[in-house]
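Please open the model in your viewer and keep the sequence panel beside it. The tour below moves from one selection to the next and says what to look for at each stop.

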Amino acid sequence: TEHLNSGFFHEGKLYAAHSNYPELPHASDIRVFDPETNTLQVHHVFPEPPGSLVWVLHHDDHWWCCFAWYGDDNARSMLIEYADDSFATEKRRLTFPAEVIADFDGMSASGGVFDGDTILASHHHFPVLYRLRIPDDPEATSLELIETLACPFPGQGIASDPATPGGLVGIDRPTRSIVTAEPVTPP
């Protein structure tokens with residue numbers, strides 16, 4: 001294991017994005033930790049990935065994978081929707097809106113969670129969340145920015161936890177603490 005990123009629980013197991021960041025060429029896969037057997041295994045390897053895998057989600061029977069690029073290549077960061085568990089069929093690729101890319105400060109969206117019909121994506125090191133909409137038009141190529149929200153934790157991963165007050169969990173690396181927050185859902 002080189003660089004584990006955001007993870008989420010699905011069917012009792014922890015799925016985590018893994019990459020060789022900051023090395024090039026990119027190598028990315030999904031790792032799965034089974035708490036019952038205390039084992040970590042490779043779930044899927046992305047041959048020639050389109051970036052460094054930073055987060056992965058399973059939502060409405062589809063997999064959503066965010067691949068990041070850094071520095072001058074920020075605009076190449078994208079969210080890919082896969083049709084099924086084999087990751088063989090891409091449904092679509094969506095880039096991040098230009099105003100979000102400009103705000104990335106050379107980094108990328110380090111975490112993401114579904115919040116209803118929208119995605120909350122965390123900045124790498126600023127205490128903000130971007131509420132993004134997946135466009136209804138299947139031919140669209142970019143996520144839509146709904147709003148930028150202040151957030152009590154600065155960047156990195158984000159998790160949705162219904163058992164936690166507020167429902168969102170993040171980390172504050174400088175203070176080595178876990179912080180909770182409540183997303184404000186737009187009307």
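How many residues lie between β3 and β4 in their hairpin, and which residue in the turn has a positive phi? The model you are looking at is a predicted one, and in it four residues separate β3 from β4 in the hairpin, while N38 in the turn has a positive phi of about 55°.

**The whole chain**

Before going further into the hairpin, show the whole protein chain as a cartoon, where you can look for one helix and 15 strands. The radius of gyration is 16 Å, close to the 16 Å that the globule rule gives for 187 residues, so the chain is as compact as a globular protein of that length. If you draw a box along the principal axes, the C-alpha atoms fill roughly 40 × 40 × 30 Å. Buried residues account for 48% of the 187 residues, and the accessible surface of the chain comes to about 9,700 Å², with 51% of it belonging to carbon and sulfur atoms. Among the contacts between residues at least 6 apart in sequence, 39% join residues that are at least 24 apart.

**Strand β3 and its partners**

Now select residues 28–34, which form strand β3; six of its seven residues are buried, so this strand is largely enclosed by the rest of the structure. Add residues 13–19, which make up strand β2, and you will find that β2 and β3 run antiparallel and are joined by six bridges. To see one place where these strands face each other, pick L14, which stands opposite F33 in β3. Next add residues 39–46, strand β4, which is joined to β3 by seven bridges and also runs antiparallel to it. Here the pair to pick is D29 and V45, since D29 stands opposite V45 in β4.

As you show the side chains, keep in mind that in a regular strand they alternate between the two faces of the sheet.

**Two cis peptide bonds**

Move to the loop between β2 and β3, where you will find P22 and also P25. The peptide bond from Y21 to P22 is cis, with omega near 10°, and the bond from L24 to P25 is likewise cis, with omega near -5°.

**Two residues with positive phi**

Which is buried and which is exposed, E48 or F87? Select E48 first, in the loop between β4 and β5 (52–59); its phi is near 50°, a positive value in a residue other than glycine. E48 has a relative accessible area of 79% and is therefore exposed, the cut-off for that term being over 50%. Then select F87, in the loop between β7 (78–82) and β8 (90–95), which has a positive phi of about 60° although it is not a glycine. At 7% relative accessibility F87 counts as buried, because the cut-off for that term is under 20%.

**A sheet of three strands**

For the last stop, select β13, β14 and β15, which in that order form an open sheet with antiparallel pairing. The strands β13 (158–160) and β15 (177–181) stand at the edges, each with a single partner strand, so one side of each is left without a neighbour in the sheet. Neighbouring strands of this sheet are turned by 30° against each other on average, direction ignored. Five bridges join β14, residues 168–172, to β15, and to see one of the pairings you can pick V169, whose bridge partner in β15 is T180.

Technical notes: Residues are numbered from 1 along each chain as its sequence is written. This is a predicted model: local features need pLDDT of at least 70, side-chain atom pairs count only at pLDDT 80 or more; totals for chains, interfaces and linings use all residues. Side-chain values use heavy atoms; hydrogens and water are left out. Buried means under 20% relative accessible area, exposed over 50%, partly exposed in between (1.4 Å probe, protein chains only). Two strands pair if DSSP finds at least two bridges between them. Axes are lines fitted to C-alpha atoms, for helices over the stretch in contact, and angles run from 0 to 180 degrees between N-to-C directions. The radius of gyration is taken over C-alpha atoms; the globule rule is 2.2 Å times the number of residues to the power 0.38. Contact means heavy atoms within 4.5 Å. Accessible areas come from the Shrake-Rupley method with a 1.4 Å probe; for residues, only the protein chains shown count as cover.
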